[in-house]
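Please find below a colleague's note on the structure shown here. The points are numbered for ease of reply.

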Amino acid sequence: MIKKFKNIALVVLTAIIWSCGDVKKNTQQDQGSLQVKGIKVTAQPFSSEVKTTATIMANEQVELKAPIAGQVLAIYFDEGANVKKGQQLIRIDDRSWKAQLVGVNAALENAQKDYERKKQLLAVEGSSQEEVDNAFSTVETLKSQAEELKVNIDLANVKAPFSGKLGMRNFSEGAFLSQGQVITSLTAIDKLKIDFTMAQNHQNSIAIGKKIVVLIENDTLEAEIYAISPVVSADSRTINVRAMLKQKEDKMYMPGVFAEIIITTNFINDALLVPTQAIVPSITDQTIYVVKNGKAQKKIVQIGNRTKDLVHITEGLSEGEIVLTTGLLQVKDGMPVTVELIK
């Protein structure tokens with residue numbers, strides 16, 4: 001019985017010794033092969049982004065000024081109100097011109113009758129050509145006077161040149177306005193002009209109709225480029241660009257607010273991209289580690305544009321290669337590695 005237990009104990013001890021040997025062997029193998037993660041490089045569309053500040057301007061803005069001098073007979077608008085195109089804003093005293101127009105119209109009617117009568121008499125030699133010409137001249141002169149009076153009356157009744165929002169006024173009914181004195185301001189803000197500049201090396205990335213992202217406060221909006229300056233600034237080597245932003249009805253921004261724009265540049269259809277953490281910078285070169293035949297291989301690469309998470313590799317990398325993204329502080333050129341591919 002005792003002999004039987006001794007044999008069992010011997011078998012167990014032998015199994016333990018062999019097991020410990022396997023663990024030691026596996027540990028040695030794991031220590032010799034670095035456990036890392038990596039990605040398989042595939043060609044994909046890529047574009048970098050340029051972010052810059054922008055000036056926000058009203059789509060239309062004007063200071064309305066008195067076109068003629070005179071006393072203000074009536075004010076038809078409220079400060080800060082919205083008005084439609086053609087809506088009357090104020091009336092400057094136009095009573096004398098209206099009175100003169102009544103007399104001129106009456107004289108014009110008689111002059112036209114006299115002209116017609118003399119033309120008929122000329123046909124039967126009852127009038128001379130000179131009398132007909134003088135009658136015609138009188139008609140034209142009176143027409144000119146009537147038109148001038150109508151223009152003055154129209155100028156005295158100031159109207160909104162376009163739809164928009166009015167500003168303030170600093171006069172009341174009965175005040176005398178000098179010609180050129182400011183009545184109020186008128187601003188159209190249903191659309192906003194986005195004014196910004198781009199470096200000349202990005203000129204191929206801007207085009208009429210291209211969409212850009214506009215950042216105002218906490219909102220991300222979209223605008224469309226509609227005008228590009230044909231001249232590069234000699235001082236800054238930049239190009240002036242304007243885009244149009246259609247305002248939201250529930251939240252409208254005022255011209256002059258701070259804004260930034262983001263525009264995509266340098267679009268590439270088949271770029272080779274790696275995560276930013278895969279780049280190992282040195283004093284003179286940018287390097288990455290790829291896996292070849294189960295071993296890490298150090299490669300010097302040329303990088304292009306980058307985003308927050310990705311770097312475009314322009315030289316030194318081929319599609320299909322596996323690039324290491326972890327273990328970069330421990331890995332050495334030629335070291336065996338075990339790679340877990342990530343997507």
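**Helix α3 and its surroundings**

1. The model under discussion is predicted. The buried residues of helix α3 have a cover that includes β5 (88-92), α2 (95-123) and β6 (157-159). Helices and strands are thus both represented among the elements named in that cover.

2. Helix α3 itself spans residues 129-156, 28 residues in total. From its first C-alpha to its last it reaches 41 Å, which is close to the 40 Å expected at 1.5 Å a residue.

3. Which residues of α3 are buried? They are V132, A135, V139, L142, A146, L149, N152, I153 and A156. The list therefore includes N152, a polar residue under the classes used here, alongside residues such as V132, L142 and I153.

4. A135 deserves a separate remark. This residue of helix α3 has a relative accessible area of 5%, and it counts as buried because that value is under the 20% cut-off. Leaving aside residues up to four places away in sequence, A135 touches D114, Y115 and K118. A135 and Q112 are 23 residues apart in sequence, yet 7.9 Å apart in space, C-alpha to C-alpha.

5. On strand pairing, β3 (residues 70-75) should be described with two partners in view. With β8 (residues 176-177), β3 pairs in the antiparallel sense over two bridges; here Q71 stands opposite F176. With β5, β3 also runs antiparallel, and three bridges join them. A74 has R91 of β5 as its bridge partner. Strand β5 thus appears in two roles, as a neighbour of β3 and as part of what covers the buried residues of α3.

6. The largest pocket has a volume of about 190 Å³. Its lining consists of Q61, K165, L166, G167, S185, T187, I189, M254 and P255. By class, four of these residues are nonpolar, four are polar and one is charged.

7. Which element gives the most to the lining of the largest pocket? Strand β9 does, with three residues. Both β7 (164-166) and β9 (182-199) supply at least two residues each. A description of this pocket could accordingly be organised around these two strands, with Q61, M254 and P255 listed among the lining residues as well.

Definitions and conventions
Residues numbered from 1 in each chain as written. Predicted model: local features only at pLDDT ≥ 70, side-chain atom pairs only at ≥ 80, totals over all residues. Heavy atoms only, no water. Helix = DSSP H or I, 4+ residues; strand = E, 2+ residues; numbered from the N terminus. Expected span 1.5 Å × (residues − 1). Buried < 20%, exposed > 50% of the residue type's maximum accessible area, 1.4 Å probe, protein only. Contact = heavy atoms within 4.5 Å. 1 Å grid on protein atoms, 1.4 Å probe; cavity = no way out; pocket = protein on both sides within 12 Å on 5 of 7 lines; lining within 4 Å. Points joined across faces, edges and corners; volume = space filled by probe spheres on them. Pairing = 2+ DSSP bridges.
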